[in-house]
Amino acid sequence: MDEVLLIGVVAVIAIVAVHSIAPRVGVAAPLLLVLLGVGVSFVPGVPEIEVESEFILLGIIPPLLYSAAVALPATEFRRDFRSISGLSIVLVLVSAGLMGLFFMQVIPGIGFALGAALGAVVSPTDAVAVQIIRKMGVSPRIVTVLEAESMFNDATALVTLRTAVAAAGASMTFGEATWDFASAVVIAVAVGLVMGELSVRLRRLVPGAANSTAISFVAPFAAAVPAELLGASGLVAAVVAGLVAGYRAPKYLRPADRISERTNWRTAELLLEGVVFLLLGLEVTTLVTDVEETHGSVWSAVGIGLAALALVLAIRIAYIAPVVMAAARRARRVRARHERVEGLGQQAESHPDPAHREAAARRVEQHSAYADYLENRPLGWREGGVLVWAGMRGAITVAAAQSLPADTPLRSTLVLIAFVVAVGSLMMQGSTLPWVTKRLGIAGESVHDEREREELRDLLSGVADTILADDELRARDGAAFAPGVIDAVRRAVSHARAEDDETVGHGVQFLELRLAIIEAQRERILEVRGMGTYGSEALGDAMRILDAEQISLQLRAEHPDGDD
């Protein structure tokens with residue numbers, strides 16, 4: 001037990017140290033952790049490491065996917081759902097099939113079903129690329145597409161793997177395999193929807209940010225475990241639960257709950273991701289030994305792995321090229337249709353029904369925002385190049401390969417091939433992705449984002465002005481607000497903060513009015529989020545500012561003299 005604790009402490013220190021060093025040397029932390037693990041695995045006396053695949057697939061991956069899903073930009077996800085679903089479902093299925101044909105030809109003794117199983121293993125991408133390109137000023141649209149793809153294609157690959165293994169071990173028709181795949185996904189989606197909604201509503205009832213965060217820590221497992229027991233995909237359920245929780249949280253959870261959750265999940269992500277990549281490197285000697293003991297050729301497996309990596313990249317290029325062309329056509333169609341929508345909106349202005357006029361205006365605003373999004377954040381050939389090269393394989397590939405049944409023919413060789421694909425991808429693509437991004441001239445969207453933030457600040461200021469200008473404005477007890485309070489709140493709103501002396505000097509009325517304005521501004525943010533008028537980054541920044549202001553106000557009201 002003492003040895004296990006010591007190893008845990010050393011691992012945490014190593015993870016923190018690597019994340020501290022990585023920015024200085026200009027290399028992504030996951031790549032350094034893999035290299036560290038590989039180096040340690042070759043040190044004489046270090047025992048062979050072999051981790052049960054269930055530990056990673058059910059113990060580490062679900063919370064990581066859940067956390068990523070909670071933070072996924074909802075607006076951009078809806079707008080690019082077609083591209084995301086294609087990359088995370090269609091591309092994985094196509095890759096699994098084509099790679100199955102390849103493996104069937106180059107690995108004697110395995111049929112198409114087992115080859116497709118290995119093809120499914122090497123098909124999903126890893127979210128490590130998101131960490132790299134986010135710092136490179138790449139368009140938030142590309143970041144969202146890659147992040148969402150890496151979440152959903154993990155689940156697609158594992159469901160495909162399970163179906164292919166079942167087909168390899170028994171006679172299964174194509175219709176039966178399709179039904180097995182579809183039912184696993186549908187059941188998982190249903191479980192995720194229910195568990196995501198239940199977790200948010202339960203967290204709303206419990207007092208305290210610590211209690212709320214504790215529930216969020218078990219939410220991914222509460223979704224994944226029932227789904228697995230029902231024969232569905234636990235990863236799909238965890239992702240769906242995270243999407244539901246992330247979308248519903250601003251409406252149901254307290255600001256302190258959301259801030260605490262973000263902070264604590266960042267720590268959890270740091271450690272969980274670090275463990276995954278460190279283990280990935282530590283397992284190399286174990287894999288090599290297993291292949292040698294089963295009389296397999298290590299160098300043959302390495303060669304097949306490198307060839308497989310080249311082939312999955314070629315398949316990705318062939319798939320993304322038409323995706324980019326389709327995105328350009330969609331942008332042109334939306335822009336052309338926008339003029340018609342504006343014309344219908346102008347005609348509706350003279351309609352006698354106010355509800356009809358409001359609905360028409362809302363439609364014009366939504367369509368205008370969508371057209372601007374496609375124009376200001378295009379998906380062209382440069383962005384397509386980033387999508388191709390950022391499609392790195394990672395820990396899920398090795399973990400999925402290790403989940404192959406023990407009686408699988410040439411199992412150790414297949415796992416080593418998957419390891420070569422994963423590590424080779426991380427090293428080759430991960431180390432060169434910043435250079436590729438610069439060479440493609442992807443400059444990011446900082447100007448567009450800042451303009452959105454300014455427009456959103458003006459919108460929220462308008463909400464405050466409307467409330468403060470209302471002649472019928474009253475406190476909860478029915479009394480009118482003192483003119484000094486209204487002036488103080490107006491000054492606080494314009495400075496986006498509540499001054500200590502104003503809070504103390506005007507007491508309860510100041511606090512009540514200021515919080516009422518913050519709540520109205522939060523509701524307005526949720527309204528425009530549903531319309532898709534602004535990007536998720538600008539909306540998220542505005543929401544975080546409001547949360548911080550509310551917490552600051554409440555703390556100052558509780559401790560007006562600054563004492564504890």
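Two residues count as being in contact when heavy atoms of theirs lie within 4.5 Å. Keep that cut-off in mind for the views below, which come from a predicted model.

**View 1. Leu230 and the residues it touches.** By that cut-off, and leaving aside residues up to four places away in sequence, Leu230 touches Ile187 and Val191. You will find Leu230 in the loop between helix H11 (209-229) and helix H12 (234-252). Is Leu230 buried or exposed? Leu230 counts as exposed because its relative accessibility is 54%, and the cut-off for exposed is over 50%. Ala188 is also worth picking out here: its C-alpha atom is 8.6 Å from that of Leu230, although 42 residues separate the two along the chain.

**View 2. Helix H4 against helix H13.** Here we look at H4 (residues 61-70) and H13 (residues 255-282), whose axes come within 10 Å and cross at roughly 140°. H4 is therefore oblique to H13. The crossing of this pair is left-handed. Which residues of H4 and H13 meet? From H4 come Pro63, Leu64, Tyr66, Ser67 and Ala68, and from H13 come Trp265, Glu269, Leu272 and Glu273. Sorted by class, this contact of H4 with H13 holds 6 nonpolar residues, 1 polar residue and 2 charged residues.

**View 3. Helix H14 against helix H19.** Next is the packing of H14 (residues 284-293) on H19 (residues 411-440), with an angle of about 145° and axes 8 Å apart. H14 and H19 have a left-handed crossing. On the H14 side, the contact uses Val284, Leu287, Asp290 and Val291. On the H19 side, Ser412, Thr413, Val415, Leu416 and Phe419 take part. The class count for H14 with H19 is 6 nonpolar, 2 polar and 1 charged.

**View 4. Stepping back to the whole protein.** To place the close-ups, it helps to know that the protein has 23 helices and 0 strands. Of its 564 residues, 49% are buried. How much surface does the protein expose? The exposed area is about 26,000 Å², and carbon and sulfur atoms supply 63% of it. Finally, consider contacts between residues at least 6 apart in sequence: 81% of these join residues at least 24 apart.

Note on methods:
Residues are numbered from 1 along each chain as its sequence is written. This is a predicted model: local features need pLDDT of at least 70, side-chain atom pairs count only at pLDDT 80 or more; totals for chains, interfaces and linings use all residues. Side-chain values use heavy atoms; hydrogens and water are left out. Axes are lines fitted to C-alpha atoms, for helices over the stretch in contact, and angles run from 0 to 180 degrees between N-to-C directions. Helices (H or I, at least four residues) and strands (E, at least two) are DSSP runs, numbered from the N terminus. Angles under 35 degrees count as roughly parallel, over 145 as roughly antiparallel, 65 to 115 as roughly perpendicular and the rest as oblique. A crossing is left-handed if the near helix is turned anticlockwise from the far one by less than a right angle, and right-handed if clockwise. Ala, Val, Leu, Ile, Met, Phe, Trp, Tyr, Cys and Pro count as nonpolar, Asp, Glu, Lys and Arg as charged, and the others, Gly among them, as polar. Buried means under 20% relative accessible area, exposed over 50%, partly exposed in between (1.4 Å probe, protein chains only). Accessible areas come from the Shrake-Rupley method with a 1.4 Å probe; for residues, only the protein chains shown count as cover.
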